[in-house]
Amino acid sequence: MKKSDLFSMAVQNLKNRKTRTKLTVIGVVIGTCAIVIMVSIGIGIDKMVTSQYESDSSLNKITVYGMADESPEGGGEAEQLPFDDSAVEYFKTIENVSMVMPVFDASEYVSIDRGKYTFQSPIMAVDFDLMEKIGYSLKEGTFENLDKRNSIFFGENSITNFYDAQGNPVKYKYDENYNISECEIDVMKDNITVSPKINSNTDEGITQQASTSQMATPKRVKVAGIVKRDNKIDYNTDYAAYIDLDYAKELMRQSKMLSGTSGNQKFSYSEIDVFVGGMKEVSAVKKILQDKGFSCYSDDEGLEHTKKVMKVVQLVLGGIGAISMFVAAFGISNTMVMSVYERTKEIGIMKVLGCDLKDIKRMFLYEAGLIGLLGGAIGVLISCILSFIANLVARAVAANMNIGEEIKVCVSSVPPWLAIIGILFSVLIGVVAGLSPAKRSVNVSALTAIHNE
């Protein structure tokens, strides 16, 4: 018999037993929905977490520190370069490196003051020429026409970190959106001064700041702008102050000279940020740096760990949904077994007429496969609708909680591959469930079947 004839007979046999077929298909629909929805929840959460991670992180940035935590693979000591300008120049020569940004924490050597208040938060020294290129943006002010030795930038909420000599913070207030609405300091208008910090060693060996009378003459600087908070670029953009790197080195030399601690200690950067062409090149560049003895960190490490966790979550959720599908498989098998018993005479006649045993077996397998196909298709369609509704509800709730703009809400996602796999899995379950009944139909004796009927 032709395959088209077998297919037509299978369709007609299912139509002749509409009630039983519908009930069996419903079981497959429930099983398919369970699997697809469970997996879609895992995919949706993974998508949401990944999107949030990518928006808050710079995945093409490698933060390099001076000393490696471990020796390179294979044993031996790493050949490490000094962590100064020579390291910066070396990093620039590495393939796929697009930009290198040295960073120096100058808090120990620089004092920023406004009247009786002193800035008590990180003071980061960076190359002003690279800030805008890397992605720093300003809430106020501009990067243009900077006088580097007389300019300074403040983080978006850094004004809250000014304290007087008694340790009392500057007075300020937040509005309902947690933005600073009032503050007795306005860094864009007030007189802000910078000076080298003079430190003295106590008997216990702890370095402390000297008294105000011992401080060097403060120099008034212009606040060139307020840096927008952006953890993707720099975690310090909220509370730090930024001065030019060359100016910070000069202030450090003055601080050491005034403190009497010049010594022969070599200058070393706090960190060096290496930017590569794309996320795919991060691993290769990190390997080169680690082989040289540098300790590295990149945000893609956290993303990879998150993805591994979410894959486990998807497998667990899919396994829970698969239980419903296996229950549906018993329903298909039961339907096909009953079909064999009811059509014993039909099977006997087909054998007497010389029908190939393989065709009889295929006919029942086609019926089982069609039940799986129909149930899978409907189940996937319902899953997509439920996924769409769930996302709408979740986004509405997020909007009411004022977090919709900060987080791209996605609690369920049904990608095309999941829909296809859902349907194919349903068909496979149907065919597997129909194997035993199909085999039973082949074993029916023609003469006995006709005699019994």
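The following exercises, with worked solutions, concern a predicted model.

Residues are numbered from 1 along each chain as its sequence is written. In this predicted model, local features need pLDDT of at least 70, side-chain atom pairs count only at pLDDT 80 or more, and totals for chains, interfaces and linings use all residues, while side-chain values use heavy atoms, with hydrogens and water left out.

**Exercise 1. Cysteines**

Determine how many disulfides the whole structure holds, and why cysteine 384 has no such bond.

Step 1. A disulfide is a pair of cysteine sulfur atoms within 2.5 Å.
Step 2. The search of the whole structure returns 0 disulfides.
Step 3. The closest cysteine sulfur to that of cysteine 384 belongs to cysteine 33; because the separation is 9.5 Å, it is too far for a bond.
Step 4. Relative accessible area is classed as buried under 20%, exposed over 50% and partly exposed in between (1.4 Å probe, protein chains only).
Step 5. Cysteine 384 has 31% and is therefore partly exposed, whereas cysteine 296, at 11%, counts as buried.

**Exercise 2. A nonpolar surface patch**

State which residues form the nonpolar patch on the surface, and place phenylalanine 388.

Step 1. Patch residues have over 30% relative accessible area and no salt bridge; like charges are joined within 9 Å, and nonpolar side chains (Val, Leu, Ile, Met, Phe, Trp, Tyr) within 5 Å. A salt bridge is a side-chain nitrogen of Lys or Arg within 4 Å of a carboxyl oxygen of Asp or Glu.
Step 2. The patch is formed by Leu374, Ile378, Leu381, Ile382, Ile385, Leu386, Phe388, Ile389, Leu392, Val393, Val397 and Met401, together with about 1,100 Å² of accessible area (Shrake-Rupley method, 1.4 Å probe).
Step 3. Phenylalanine 388 belongs to helix α9, residues 357-400 (helices are DSSP runs of H or I, at least four residues; strands are runs of E, at least two).
Step 4. With a relative accessible area of 54%, phenylalanine 388 is exposed.

**Exercise 3. Helix α7**

Find how far apart valine 316 and valine 39 are in sequence and in space.

Step 1. Helix α7 (300-342) contains valine 316.
Step 2. The two valines are separated by 277 residues in sequence, yet by 8.6 Å in space, C-alpha to C-alpha.
Step 3. Valine 316 is partly exposed, at 48% relative accessibility.

**Exercise 4. Positive phi**

Locate asparagine 96 and asparagine 145, and give the phi of each.

Step 1. Asparagine 96 lies in the loop between α3 (85-93) and β2 (97-105); its phi is positive, about 75°, although it is not a glycine.
Step 2. Asparagine 145 sits in the loop between β6 (138-141) and β7 (151-155), with a positive phi near 50°.
Step 3. Asparagine 96 is partly exposed at 39%, while asparagine 145 is exposed at 79%.
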